[in-house]
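Q: Please take a close look at a single helix of this model and describe how it sits among its surroundings. A comparison with a helix pair elsewhere in the chain would also be welcome.

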Amino acid sequence: MRDPRYDILFEPLAIGPLRAKNRFYQVPHCNGGGYRDPSAAAAMRGIKAEGGWGVIFTEQTEMHHTSEITPFIELRLWDDKDIPALRKMSAAMKSHGALAGIQLAYSGINGSNLYTKEVPLAPTALPIRTFTNDPVQARAMDKADIRNLRRWFVNAARRSKAAGFDLICLYGAHGFGIFQHFLSRATNQRGDEYGGSLENRSRFAREVIADMRDAVGDTMALTLRVSLDESIGELGFSNAEVRDFIEMNRDLPDLWDLAQGTWEDCSGPSRFKEEAAQEALVRGIRDLTDKPVVGVGRFTSPDVMARMIRQGTLDFIGCARPSIADPFLPRKVEEGRVEDIRECIGCNICITGDMTMSISRCTQNPTFMEEWRKGWHPERMNAKGGSANVLVVGSGPAGLEAARALSLRGYDVAIAEARDQIGGRVARERLLPGLSAWGRVVDYRQYQLSQRPNVETYIGSPLDAAQILEFGFENVCIVTGASWRADGVGRQHVVPMPMDPAMPVFTPDDIMEGRVPSGRVVVYDDDHYYMGGVVAELLAGKGCEVTLITPAPYVSDWARNTLEQHAIHVRLAGAGVTIVLNRGVTAIRPDGVETNCTYTDRRDLTGCDAVVVVAARHPNDGLYHALAARQADWADGGIRTVRLIGDAAAPGPIAWATYAGHRYARELDEPDIGDDLPFRRELAELAAD
Ligand code: ADP
Ligand code: SF4
């Protein structure tokens with residue numbers, strides 16, 4: 001069944017005293033659940049085991065209470081009380097023959113210890129480096145501190161073993177782990193035998209790994225995760241130094257886990273980073289060591305994966321996001337079902353769950369982190385309910401996902417789409433600069449639907465309430481999307497702003513329909529996610545003189561949660577866009593826009609020839625309300641239920657739409673749970689006293 005081209009991906013390989021069954025290696029990744037949602041996180045990892053991954057890791061696990069990264073929610077291994085939750089995780093990981101790995105993190109200069117109130121420890125006394133610029137500094141470790149930390153690592157290794165793990169990954173990448181802090185001259189400015197030469201800076205890693213090997217190395221494998229290049233100029237741990245370090249310590253860990261730069265560099269979204277973007281940085285490193293090497297690069301193509309191994313660049317294919325979007329990726333390759341792979345689109349919405357300390361979602365895989373909370377399986381739907389058929393009106397991400405999941409449950413599904421192509425907003429947004437990979441949201445579902453006998457798709461079919469009442473479908477799902485508002489309503493303005501009709505005003509919908517302004521254009525971004533920046537980039541590319549004005553302190557403010565805000569600013573600055581922060585637009589005049597300072601309200605005028613308003617969207621819910629108004633006629637029309645979901649109910653990112661579509665499909669015909677909570681959660685056990 002399997003294409004022989006991919007056989008190489010299924011060759012077992014030793015890691016220290018262990019043997020991985022194949023080359024699919026789920027590198028550590030966060031999920032926003034962590035210690036707060038241990039069963040949800042465990043079930044998510046268990047699904048990956050079922051999906052065929054050979055190695056599965058936890059997210060970063062804070063291995064000692066003197067170093068933690070509150071408010072971010074990861075795992076903890078502070079004492080024996082944490083072992084049961086982690087044992088549940090390792091058991092889920094090992095349920096289908098995968099090796100279970102735990103990533104131990106001591107955050108050093110990256111942990112501000114807001115929860116434990118401990119003084120942070122680091123190789124050198126410097127301010128703590130986090131996303132939030134906490135006003136906290138670290139104390140430089142003395143020799144006693146280093147001895148203590150070595151012992152804490154041994155304690156954590158013993159606890160990891162007791163918790164059932166096979167591998168330990170020591171975190172020294174992304175600027176997040178103490179091993180990098182010792183290795184880099186930027187964060188290690190010591191004058192003793194732990195600082196200075198590369199050999200000295202390597203000493204801490206060598207000592208910890210030797211200690212841990214003595215403690216658990218007979219049964220566990222130890223891996224070291226470092227960044228391929230710290231990317232901060234001369235002082236940083238450069239790619240050349242990484243190579244020297246690995247050559248000098250060629251047998252140090254049982255496997256080298258090679259990540260890249262900061263987390264933003266490593267998990268670059270598809271808008272800024274191609275698949276296998278780290279290939280040049282990783283090539284040749286395998287020749288410097290006798291140990292296997294794993295690397296990442298948002299690998300979704302089995303051909304690229306096989307090439308990486310065949311060329312001798314990597315031994316294991318490291319995946320975080322591709323394993324989130326499709327936990328069954330390895331099994332689909334093995335079963336010769338490559339076209340069924342649900343490819344990651346590189347939107348980084350999954351990362352926002354961690355950044356917002358909520359719980360992660362995935363645009364492509366709505367079941368992510370709902371495996372335990374809701375009992376959702378990424379490949380299997382619940383049994384069909386009592387009714388027979390569904391009319392899905394609209395073919396955006398919500399409609400397509402609803403149709404796909406409903407058809408798997410066994411319903412007869414008809415999709416009606418007003419336009420001449422399916423895909424809704426994705427069909428248009430995929431044509432915007434940098435967003436082509438987002439088209440996979442449609443491509444995956446379009447192919448899946450084409451394989452189903454029980455789905456009919458009608459394009460060029462704008463429906464009204466009267467037609468729907470005539471058709472006789474038992475269930476009607478209204479997924480008619482949303483339209484960008486031109487009246488300025490958003491966050492700054494809760495009612496329309498004053499606009500002089502002499503000034504041409506555009507919305508992102510106009511731009512996507514090809515109605516593009518020229519000359520001096522103000523892009524007013526009160527949406528704060530990607531659209532304002534993308535429109536500015538597009539218009540600059542078409543020769544407009546673009547000024548982006550936003551009341552936020554950052555361009556594309558919310559994109560800090562997708563780790564791309566920095567890259568967006570750099571790209572817009574490079575494209576010649578004038579970026580005006582902390583200013584709103586109070587009125588649109590015939591010759592320009594009146595702006596105001598977010599803090600002082602001081603007014604100013606910016607002259608322009610056109611304005612693009614990127615603010616709120618208006619839900620297209622007219623059809624739903626027309627049907628609701630005729631509820632008395634539903635029974636005659638054979639209609640049992642009418643539901644409004646997706647952007648037509650409440651506009652949001654694409655991930656919210658696929659989630660809504662999936663949820664609709666899951667819940668159709670299911671018993672009404674009344675006022676009960678629609679998901680499971682875990683509560684901390686109350687102490688006896
Ligand atoms: P969502 O993100 O919620 O899936 P989209 O805006 O992407 O929403 O998709 C909505 C789709 O519904 C669009 O392709 C639009 O053309 C289609 N649509 C809107 N109104 C109707 C209608 N009355 N009949 C059929 N299709 C419609
Ligand atoms: Fe990929 Fe986006 Fe899903 Fe993350 S949320 S795994 S980036 S598709």
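**A helix and its surroundings**

A: In this predicted model, 12 of the 13 residues of helix α1 are buried, so α1 is largely enclosed by the rest of the structure. The cut-off behind this statement is a relative accessible area under 20%. The buried set consists of P38, S39, A40, A41, A42, M44, R45, G46, I47, K48, A49 and E50. These buried residues pack against two strands, β3 (24-26) and β4 (55-62), and against the helices α2 (83-93), α10 (321-325) and α11 (329-334).

The length of α1 (residues 38-50) can be checked as well: at 1.5 Å a residue, its 13 residues should span 18 Å, and the end C-alpha atoms are 18 Å apart, which agrees. After α1 comes G52, which has a positive phi, near 105°.

The helix pair requested is α13 and α15. Helix α13 (residues 397-409) packs with helix α15 (residues 440-450) at an angle of about 30°, and their axes are 10 Å apart. Because angles under 35 degrees count as roughly parallel, α13 is described as roughly parallel to α15. The crossing of α13 past α15 is left-handed. On the α13 side, the contact is made by P397, L400, E401, A403 and R404; α15 contributes V441, V442, Y444, R445, Q448 and L449. Sorted by class, this contact of α13 with α15 holds seven nonpolar residues, one polar residue and three charged residues.

Conventions
Residues numbered from 1 in each chain as written. Chains lettered and ligands numbered in written order. Predicted model: local features only at pLDDT ≥ 70, side-chain atom pairs only at ≥ 80, totals over all residues. Heavy atoms only, no water. Axes fitted to C-alpha atoms, helices over the stretch in contact; angles between N-to-C directions. Helix = DSSP H or I, 4+ residues; strand = E, 2+ residues; numbered from the N terminus. Parallel < 35°, antiparallel > 145°, perpendicular 65-115°, else oblique. Left-handed = near helix turned anticlockwise from the far one by under 90°. Contact = heavy atoms within 4.5 Å. Nonpolar A, V, L, I, M, F, W, Y, C, P; charged D, E, K, R; others polar. Expected span 1.5 Å × (residues − 1). Buried < 20%, exposed > 50% of the residue type's maximum accessible area, 1.4 Å probe, protein only.
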